[in-house]
Amino acid sequence: MRSSPSPDSNDSRSPRRRAPASAKSEQRIRDLLRVGREVFAEKGYEHATTTEIAQRLGISEATVFTYFRGKRELCVRVISDWYDEIIATMEAGLPREQPIRAQLHYLIQTHLRLFLVQGTGLCALVLSEGRSKGQALGESFLPLQRRYTAPLMDLLARGQASGELRRDVPLRLLRSMVLGPMEHILWEVIAQDKPTDIDAVSADLVALLWSALQAPSEELAGLRRLRAEVADALQRTPG
């Protein structure tokens, strides 16, 4: 009769890891996530190993596999928890009673600060692996990225509904207009490997973006409508 696998065995055939059965197990998972975040931030995904994570905790590598199938699953959980922290902070502090521009400033400033607060390690990992189309880790990040952009999408939708943001551009393009420059700024900080004045950069970026995002004034909108009506009339006029 075959014996059951031990708790520390790495049985890749098992579709699920066991659920935590005790406070000790729950603490072990918290420790793995904490140290995993440190190692992934320091080494990146390729050079991080479950062996080093286990050594820092003083446990066997097999114990890591008791709770996570492998390095990729652990990394996705680390990034997922990190995104949850970012989302919770952004949503908790968002000044919803203020104009959309002030809320946008808050989101951009908070986004940049939280992505860099633990150094550039996790930020670099997310930006690089998130671009890896077709790779298992990069594909795993896609649902996480949709989650952390949800507060921005909600803000943009509310801005369009209130008339503060232009309505002639789809939300997904407005989102890209905001996220694209922020990603460039983050890459620049990573490449230079030196501190940046997040407050100043955020203020400059909001000033630049707002001119493109804000709804046109009523006067300008009227002129555009008039121009469209004239052009339409000229097209209908027999030549």
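In this predicted model, Arg-34 pairs up with Asp-31 in a salt bridge, and the closest N and O atoms sit 3.5 Å apart. Both residues belong to helix α1, which spans residues 23-47, and a spacing of 3 residues puts them about one turn of the helix from each other. The two partners differ in how much of them is accessible: Arg-34 is partly exposed at a relative accessible area of 44%, whereas Asp-31 has 17% and counts as buried, because the cut-off for buried is under 20%.

A second bridge involves helix α1 as well, but this one reaches out to another helix. Here the side chains of Arg-56 and Glu-42 meet, with 2.6 Å from N to O. This pair ties together distant parts of the chain, as Arg-56 is in helix α2 (residues 50-57) and Glu-42 is in helix α1, with their positions 14 residues apart. Glu-42 is exposed, its relative accessible area being 51%, so it falls just on that side of the cut-off, which is over 50%. Arg-56, at 36%, is partly exposed.

Arg-56 has another acidic partner besides Glu-42. Glu-52 forms a salt bridge with Arg-56 too, and the closest N and O atoms are 2.7 Å apart. This contact stays inside helix α2: the two residues are about one helical turn from each other because they are 4 residues apart. Glu-52, with 17% relative accessibility, counts as buried, while its partner Arg-56 is partly exposed at 36%.

These bridges turn out to be pieces of something bigger than a pair. Asp-31, Arg-34, Glu-38, Glu-42, Lys-43, Glu-52 and Arg-56 are linked in a network of salt bridges. Such pairing is no surprise in principle, because side chains of opposite charge can pair when their charged atoms come close. Over the whole structure, the search turns up 14 salt bridges.

As for the overall build, the chain has 11 helices and 0 strands, so every element counted from the N terminus on is an α, given how helices and strands are assigned. Of the 239 residues in the chain, 38% are buried.

The inside was also checked for empty space. Rolling a probe the size of a water molecule over the atoms shows where such space is left. Searching the whole structure gives 1 cavity of 30 Å³ or more, and the volume of the largest cavity is about 70 Å³. Its lining is made up of Met-90, Leu-107, Ile-108, His-111, Tyr-148, Thr-149, Leu-152, Val-178, Leu-179 and Met-182. Helices α5 (100-116) and α9 (171-192) each contribute at least two of the residues that line the largest cavity. In character, the lining of the largest cavity splits into 8 nonpolar and 2 polar residues, with no charged ones.

Nonpolar side chains also show up on the outside. Leu-226, Val-230 and Leu-234 form a nonpolar patch on the surface, and together they offer about 290 Å² of accessible area. One of these residues, Leu-234, is found in helix α11, which covers residues 218-236. Leu-234 has a relative accessible area of 60%, so it counts as exposed.

Key: Residues are numbered from 1 along each chain as its sequence is written. This is a predicted model: local features need pLDDT of at least 70, side-chain atom pairs count only at pLDDT 80 or more; totals for chains, interfaces and linings use all residues. Side-chain values use heavy atoms; hydrogens and water are left out. Patches are made of residues with over 30% relative accessible area and no salt bridge: like charges are joined within 9 Å, nonpolar side chains (Val, Leu, Ile, Met, Phe, Trp, Tyr) within 5 Å. Accessible areas come from the Shrake-Rupley method with a 1.4 Å probe; for residues, only the protein chains shown count as cover. A salt bridge is a side-chain nitrogen of Lys or Arg within 4 Å of a carboxyl oxygen of Asp or Glu. Buried means under 20% relative accessible area, exposed over 50%, partly exposed in between (1.4 Å probe, protein chains only). On a 1 Å grid over the protein atoms alone, a cavity is a set of points where a 1.4 Å probe fits but cannot get out, and a pocket is an open set with protein on both sides within 12 Å along at least five of seven lines; lining residues have an atom within 4 Å of a point. Grid points are joined across faces, edges and corners, and a volume is the space filled by probe spheres set on the points. Ala, Val, Leu, Ile, Met, Phe, Trp, Tyr, Cys and Pro count as nonpolar, Asp, Glu, Lys and Arg as charged, and the others, Gly among them, as polar.
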